[in-house]
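Work through the two exercises below with the sequence and the model in view. Each task is followed by a solution in steps.

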Amino acid sequence: MADIERHTIAVLVDNEPGILARVVGLFSGRGYNIESLTVAEIDRRDRLSRITIVTSGTPMIIEQIKAQLSRLVPVHKVHDLTEEGPFVEREMALIKVAGKGETRIESLRLADIFRARVIDSTTESFVFEMTGSADKLNAFITLMEPLGLIEVSRTGAVAISRGPANF
């Protein structure tokens, strides 16, 4: 059996009602998994949006996903950033941690090491803002669990190819 691979796919689409539902329906209807999904308008004049999807599957399934995405009518371009060369991928997370005394000091120390910023503070909790790779965020969240992790909110991955080429 072929190995399961993780791929980051960028899709340029018309910014119109229902397109996200069609893309998600393509995945759910065929039993494909979406690990992360972000969408934002990137060109107001031409009403274009960029959907960044992180998914995983065998090489054959990844090819099927790309082919099926390309066939959707409002889709202009599909780029498999994982295959096309170097790219930059980041996530943002808000992480709420409760604690007093030594645990509070330890959570601040770890936040400094991971370059997380305190964006809210009470006498009993912090909210940290952190940007980085999914692995970096996961590592920080794991370390916060025994210190009083309360809640996590994540954006999902955004990605862009390196170098002068554009979408």
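**Exercise 1.** Find which residue of β7 Val118 stands opposite, then describe the strands that pair with β7.

Step 1. Val118 stands opposite Phe128 in β7. This is a predicted model, in which local features need pLDDT of at least 70, side-chain atom pairs count only at pLDDT 80 or more, and totals for chains, interfaces and linings use all residues. Residues are numbered from 1 along each chain as its sequence is written, and side-chain values use heavy atoms, with hydrogens and water left out.

Step 2. Strand β6 (residues 117–121) pairs with β7 in the antiparallel sense over four bridges; strands (E, at least two residues) are DSSP runs numbered from the N terminus, and pairing requires at least two DSSP bridges. A hairpin of three residues links β6 to β7.

Step 3. Strand β5 (residues 87–98) also runs antiparallel to β7, joined by eight bridges. Here Leu94 has Glu129 as its bridge partner in β7.

Step 4. Of the eight residues in β7 (residues 125–132), six are buried (under 20% relative accessible area, 1.4 Å probe, protein chains only).

**Exercise 2.** Describe how α4 and α5 pack, and which residues meet.

Step 1. Helices α4 (residues 101–114) and α5 (residues 134–148) pack at about 170°, with axes 10 Å apart; helices are DSSP runs (H or I) of at least four residues. Therefore α4 is roughly antiparallel to α5 (angles over 145 degrees, on a scale from 0 to 180 degrees between N-to-C directions).

Step 2. Residues in α4, including Leu110 and Phe114, meet residues in α5, including Phe140 and Leu147 (heavy atoms within 4.5 Å).

Note on methods:
Angles under 35 degrees count as roughly parallel, over 145 as roughly antiparallel, 65 to 115 as roughly perpendicular and the rest as oblique. Buried means under 20% relative accessible area, exposed over 50%, partly exposed in between (1.4 Å probe, protein chains only).
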